[in-house]
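Biologist: Got a minute to go through this one with me? I'd like to talk pockets, then a bit of fold.

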Number of protein chains: 2
Amino acid sequence: MPGMALVDRALLGPGPSNPYPEATAALAAPLLGHLDPEFLRVLDETCARLRRVWGTENARTLPLSGTGSIGMEAAFANFARPGDVVVVGVNGLFGERMVDVAGRYGADVVRVDHDWGQPVDVRRVLDAHPEPSMVAAVHAETSTGVRSDIKALAHAVHARDQRALVLADCVTSLAGIEVDIDAWGVDVAYSGTQKCLGVAPGLAPFTVSDRAWDRRVQRPPTWYLDLNLIGAYVDGSSGGRTYHHTAPVAMIASLHAALGRVLEEGLEAVHERHRAAGQRLHEGLGELGLELFAAEGHRLPELTTVRVPDGVDSAKVRQVLLTEYGIEIGAGVGAFASSVWRIGLMGHNARPERVELVLGALRRVLGA
Amino acid sequence: MPGMALVDRALLGPGPSNPYPEATAALAAPLLGHLDPEFLRVLDETCARLRRVWGTENARTLPLSGTGSIGMEAAFANFARPGDVVVVGVNGLFGERMVDVAGRYGADVVRVDHDWGQPVDVRRVLDAHPEPSMVAAVHAETSTGVRSDIKALAHAVHARDQRALVLADCVTSLAGIEVDIDAWGVDVAYSGTQKCLGVAPGLAPFTVSDRAWDRRVQRPPTWYLDLNLIGAYVDGSSGGRTYHHTAPVAMIASLHAALGRVLEEGLEAVHERHRAAGQRLHEGLGELGLELFAAEGHRLPELTTVRVPDGVDSAKVRQVLLTEYGIEIGAGVGAFASSVWRIGLMGHNARPERVELVLGALRRVLGA
């Protein structure tokens with residue numbers, strides 16, 4: 001029974017990224033039961049650390065037991081009712097997905113389309129409906145490498161309408177660029193562990209404001225993602241915990257360790273490390289004669305999209321990078337599948353040596 | 001930033017169990033991307049190995065990205081429509097849960113209640129409705145330690161009615177006792193990795209017969225568990241794969257390794273190892289003067305329920321076992337929370353030394 005090949009990949013695509021060493025070590029630590037007092041301490045501490053990284057005091061801040069997309073599902077399942085008007089700013093694949101998921105839960109979805117590569121336009125989203133129940137957008141579009149201004153969006157929504165909830169997809173932003181849930185006024189947000197948090201895929205950090213919590217669906221169609229039930233296990237503040245599903249203990253221990261690493265380095269320092277790595281990559285790609293895809297001024301440092309030069313076989317280059325250099329970069333998405341590459345510098349990969357590695361290999365492969 | 005304590009627990013409760021060493025090693029192996037050719041090979045091989053363990057040739061056999069309960073959710077979300085009559089044999093917590101989950105997806109649930117500790121009665125389940133869309137039961141009730149005869153149930157259902165689908169919860173049975181999906185005629189089944197499969201919690205192995213697949217819900221309310229979408233990523237047989245969500249690569253590598261270990265030992269040998277360990281435990285508990293809870297003739301070897309002797313503080317004993325001996329056993333569930341203990345010998349724990357460990361410690365603690 002052959003095992004998986006033990007190959008060292010530099011995971012410089014749109015995720016997963018290479019985990020922080022602390023996260024890998026914790027994955028293989030002796031397993032604890034999901035009701036073990038020591039594990040419950042680690043779980044509480046993980047939620048507390050997540051609050052710091054999210055910039056929130058939300059009591060309901062926890063890791064959901066699934067990969068990042070399960071956060072999106074939980075958001076709509078618990079906070080959108082059939083017939084609710086949900087305005088979605090769509091500027092890439094994950095905005096598209098929001099439309100799909102919200103629709104499945106019966107929401108009356110108003111989509112506001114943007115060109116891919118552009119950020120969400122606050123004015124257009126605001127004008128799309130006078131009284132939505134929810135306004136949703138992606139902070140860092142993984143499909144295009146674009147940052148949208150969630151702070152401006154949330155402030156504008158709340159300034160006009162005290163009722164609308166603001167939902168932000170922070171899968172590729174959390175622990176990479178600034179996210180400040182409470183100060184921005186975001187009501188519901190989710191992320192994934194396999195991007196800037198520097199953990200293997202398998203958990204979706206999630207946070208809910210009190211005002212959103214008061215308006216939650218009391219019995220959502222999904223049992224597994226019913227936050228009422230999950231909260232009864234995760235929240236030990238009242239002294240009692242009710243078993244829901246068996247928590248993915250190894251993954252949570254790994255997230256706990258990675259969050260410890262991030263907070264020890266300091267959130268600002270982590271953001272600066274991502275900013276510096278991204279800037280260096282953007283400059284280096286320019287020096288290779290390559291053109292960036294995302295709109296200037298809205299480019300993510302942690303995920304860079306770059307146009308494939310005319311006449312270059314996009315898939316071939318990725319294959320050579322993988323097989324000859326052990327570097328994974330991503331293809332584009334949708335209409336840009338073969339005309340764009342996506343290069344990630346997330347979490348533990350946001351370091352100068354990773355930038356030089358991918359630039360050097362690209363220079364060789366492209367003969368630039 | 002303190003880490004999790006590195007303590008060696010003997011996880012002899014209802015799960016998680018201590019993983020096979022191969023599973024732990026694979027968790028910490030260098031991470032691969034979810035589209036890496038080597039990872040896709042491992043994923044295909046994982047599905048092939050799962051088919052052997054399930055005893056099925058079902059093309060749709062795959063690990064779902066969540067803990068065991070997500071398998072239950074996926075089963076009802078993809079195969080029960082609003083108004084469908086679903087008969088559920090309820091003889092413990094997980095049968096209760098099926099009633100809850102099926103109801104959320106709009107099924108017309110007919111529950112057939114049994115005393116906890118008893119197996120599901122095939123005749124009563126059959127008589128509950130003349131033409132159900134689905135008949136569901138738990139193979140190994142984790143709450144009571146009881147095995148129900150899924151083979152007899154499935155044969156009886158199909159003998160009467162070609163239309164009804166048979167759904168079996170195999171969370172605590174797969175890779176511990178015989179499970180034979182195709183020979184039994186089970187249409188939909190799910191399991192969890194943290195029991196007899198000997199992997200950390202985080203994945204739900206799932207299998208679907210062709211006849212069930214033909215009757216699947218085309219657009220279930222859940223996006224994350226829409227098997228149409230997941231299948232497009234997992235099934236590489238047509239040469240193409242469509243990204244759905246980022247697969248939990250480390251967990252899948254770990255499952256792959258544990259399945260390799262199980263199949264190398266041989267499924268029959270693994271079952272025999274569980275049987276022998278369970279028998280030894282049952283006998284030893286009797287020698288300690290303790291009374292087993294589950295009905296005789298229907299006791300699981302991998303999960304034993306035992307009555308707490310009169311005058312003994314159930315929680316205190318569990319605490320002493322944990323703090324002084326590093327042994328985790330489980331409390332009872334529901335009405336039996338403080339009157340029953342649950343002792344698991346699952347996967348890597350189904351060994352003589354684990355039996356002696358828990359018997360010896362119990363003898364000391366109870367002064368028996």
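Modeller: Sure, let's take the pockets and then a strand pair, bearing in mind that this is a predicted model.

Biologist: How much space lies in the largest pocket?

Modeller: About 730 Å³.

Biologist: And which residues lie nearest its centre?

Modeller: Arg318(A), Ile329(A), Gly330(A), Ala331(A) and Leu35(B), out of 32 that line the largest pocket. Elements giving two or more residues to that lining are H4, H12, S12 and S13 of chain A, plus H2 of chain B.

Biologist: Which element gives the most?

Modeller: H12(A), with 4 residues.

Biologist: How does that lining divide into nonpolar, polar and charged?

Modeller: You get 15 nonpolar, 11 polar and 6 charged residues.

Biologist: OK, what about the second largest pocket, how much space there?

Modeller: About 580 Å³. It has 28 lining residues, and Leu35(A), Arg318(B), Ile329(B), Gly330(B) and Ala331(B) are the closest to its centre. H4, H12, S12 and S13 of chain B each give two or more residues to the lining, with H12(B) supplying the largest share at 5.

Biologist: And the nonpolar, polar and charged split for that one?

Modeller: For the second largest pocket, 13 nonpolar, 10 polar and 5 charged.

Biologist: Switching to the fold: do S3(B) and S4(B) run parallel or antiparallel?

Modeller: Parallel, with 6 bridges joining residues 85-90 to residues 108-113. The chain gets from S3(B) to S4(B) through helix H4(B), residues 93-104, in a right-handed β-α-β crossover.

Biologist: What stands opposite Gly89(B)?

Modeller: Val112(B), in S4(B).

Methods: Residues are numbered from 1 along each chain as its sequence is written. Chains are lettered from A and ligands numbered from 1 in the order in which they are written. This is a predicted model: local features need pLDDT of at least 70, side-chain atom pairs count only at pLDDT 80 or more; totals for chains, interfaces and linings use all residues. Side-chain values use heavy atoms; hydrogens and water are left out. Two strands pair if DSSP finds at least two bridges between them. A crossover is right-handed if, with the strands pointing away from the viewer, the path from the first strand over the helix to the second runs clockwise. On a 1 Å grid over the protein atoms alone, a cavity is a set of points where a 1.4 Å probe fits but cannot get out, and a pocket is an open set with protein on both sides within 12 Å along at least five of seven lines; lining residues have an atom within 4 Å of a point. Grid points are joined across faces, edges and corners, and a volume is the space filled by probe spheres set on the points. Ala, Val, Leu, Ile, Met, Phe, Trp, Tyr, Cys and Pro count as nonpolar, Asp, Glu, Lys and Arg as charged, and the others, Gly among them, as polar.
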